[in-house]
Amino acid sequence: MTRMDPVELELPPAPEPARLPVGRGGTWGLTWHGVRTVAVLDLRQRVRSTRWIVALVVWFVVVGGITLLTTGALEAFSAQDRPNTGPILFSAVTALVLGLGLLVTPTLSSTAVNGDRNAGTLATLQVTLLSPAEIATGKLLAAWSAACAFLVTSLPFLVLALALGGTPGWAIVRVVLLVALLLLAVCGIGLGFSALVARTAGSTVLAFITVAAITVFTPILFGLTFTTTTSQEQVTVWGMQDGWADGDDPGPCEVFTAERSVSHTERTWWLLGINPFVVVADGAGTGPLSVHGDGSPLSAMRDGVRMLRAGPPPALDECWTGTAAPAELQDDLRQDLSTAPVWPWGLGANLLLGAAGFVVAVRRLRIPQRTLARGTRVA
Amino acid sequence: MTSTVDDDGPAAGPPGAAPAPSTPTSPTPPPGIVVRGLRRSFGSVRALDGVDLQARAGAVTALVGPNGSGKTTLLLVLAGLLVPDSGDVRIGGFDPVTDGRAARARTGWMPDTFGTWDSLTSREVLLTFAAAYRIPPAQARTRVDELLATVHLTEFADRPASVLSRGQKQRLGLARALVHSPDVLLLDEPASGLDPRSRVDLRVLLRRLADEGRTVLVSSHVLSELEEMADDAVFLSRGRTVSSSVESDGPAPRTWHLRALALDAATAWLTSVGVTWRPDDDGDLLAPPAATPGGVLFELADDATAARLLRDAVTAGVPVLSFAPATGLLEQAYLALDEERT
């Protein structure tokens, strides 16, 4: 015990200058040192629990199993005449990895703040010189690294799908980057809820509901709003004005104006645009834009959304006799695909939600606290 | 919201407040903790309702009060975790609200309940906190080794914190609060869960930290422990400071306990010198004292009276086995608070 005395006398002059760049910082002060301290702490906690290894192994087995089953099924169905096994498998593995990632990731961050608070470890960290932003960033980084570990575990299967051909090589880079960024957004959302809600179960449920809202509810909402975007309008039609006459002669196609039901999906396409699956499909770059598809489900999804974004063509082609439309009408009749990418918007919206969660977490980590959530203790 | 006077603001940078305790300019160390008119409510519950206290640097100050008297809330405000509704706090001259980082850099806080990261080893826990206080790694390693030795956890240094017993965790928590050599130590029930040996160590350690010029504020229910190590005491009752010193009212009457080989001889002598006695807890209230070993309790005005009485009793041939205060001063003051509670 007394052995420490001389050290006490020698050390203070040294630590003081080191620890007193104290005025710097504040709530948003950010240093790599501080972020790393928190991230390493969180990751050590995670990595050393055996559940973590089990989760990764289960993940590998599930993704691998489904990939192999899909491969087998595709081989059986497609025989020789369908060369698109590669793109289909690539799309399937991408969707699987993203889907499972969206399922697992909320749990990685949704207990980060309130879990520590309940365990009594948060306040001791808050009273140190770590800024709230450093604590939040460190926790976000730790959760994201864990999510990326799952992503990396599934890389072999993406590579396998790529090896079957039909998919451009850089698609795997774009898919992995997009999925990683989407998972970062989900981590941010979970972090926000963990700082907002006192109970870990509550924050986890809220994080799941939010992810479900982005993923599942957006297509449903798009479907429900479809009727409101649909209206009776006077449009230019290329077809038979009187319809099929009683006689055998179908009559000539002509240009006329008539009332038709038109869906203006260009007003609601963004509901699909913020869906993570659409974001990845749109940004994957699996093939050129085409109305007819190129055999890759990812491309098909992208083309569909681009079509909805472009909205209905100015004129309707109802001439089924095969008569060629007049040249000046050709352009108006063609179904357009929007060439503007959808994924930056969708990714941006997701990242904005994640950023909102992060900001909430930082604000909630500020001390000293003025208000306390009902039924919580500070420490 | 507390202090509009922000006179210490500019000093928030790297001030010349070099080594830990005494500023070179002032001959007497400034008070480590100054609290004036502190109030804090949680909804309709007034946790702190006018707390005034000063804890001297270089002294151990005991914070005493019944459950729910606001001790923990007070320590949370002092640690910089809670904003007070009103009142003024200075930790080593810094306001924890307006100058949080500067105040926290000087404060070591050990909460009454806290967790450890179960899969981290004791050494890693301390190294993490050293990093969180921006202590350079090389220096942190030596500091952590010292602290582990100080709290006798060296042999557990590389084992996960989950294998530590409650008392060992408590010691790790104490080491954690000390990792950045704070000038001001806030300890909430540090002795709970400690074995007797560790309690003695804690007492010696706190004494030494105070002698180094640090400010030590300890809350505890183990009053005999506190009495042995505390220089000052602050009493909290219903969120208010009731009294901030044991000796402030001069010598207080105290209850003494006397055990004798033959109780009847002792009581006969006590009666003859005019002392009103009563049987102690082991004695039978109804049976008259017998010629067997036993003890009695009585009130004496001050220590001098007690010394005189013992000398007289021994001279008079009373077979005295032991003679000591029945309760500590702190305990007596605490029990007085307890009566107020109802």
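Glu189(B) is buried in this predicted model. Its relative accessible area is 13%, and the cut-off for burial is under 20%. Glu189(B) therefore falls on the buried side of that limit. The residue lies in the loop between strand E6 (184-188) and helix H6 (196-211) of chain B. The backbone of Glu189(B) is also notable for its phi, near 50 degrees. This value is positive, in a residue other than glycine. Most residues other than glycine have a negative phi.

A positive phi also occurs at His152(B), where the angle is near 55 degrees. His152(B), too, is a residue other than glycine. It sits in the loop between helix H4 (137-150) and helix H5 (166-178) of chain B. With a relative accessibility of 38%, His152(B) counts as partly exposed, whereas Glu189(B) is buried.

Strand E6(B) pairs with E5(B). The two strands run in the parallel sense, and four bridges join them. Within this pairing, Trp109(B) stands opposite Leu186(B) of E6(B). Strand E5, residues 107-110 of chain B, is covered on both faces. Thr107(B) and Trp109(B) occupy one side. Gly108(B) and Met110(B) occupy the other. All four of these residues are buried.

Chain A provides a further backbone feature. The peptide bond between Ile367(A) and Pro368(A) is cis, with omega about -5 degrees. Most peptide bonds are trans. Pro368(A) belongs to the segment after helix H16 (343-365) of chain A.

Methods. Residues are numbered from 1 along each chain as its sequence is written. Chains are lettered from A and ligands numbered from 1 in the order in which they are written. This is a predicted model: local features need pLDDT of at least 70, side-chain atom pairs count only at pLDDT 80 or more; totals for chains, interfaces and linings use all residues. Side-chain values use heavy atoms; hydrogens and water are left out. Buried means under 20% relative accessible area, exposed over 50%, partly exposed in between (1.4 Å probe, protein chains only). Two strands pair if DSSP finds at least two bridges between them.
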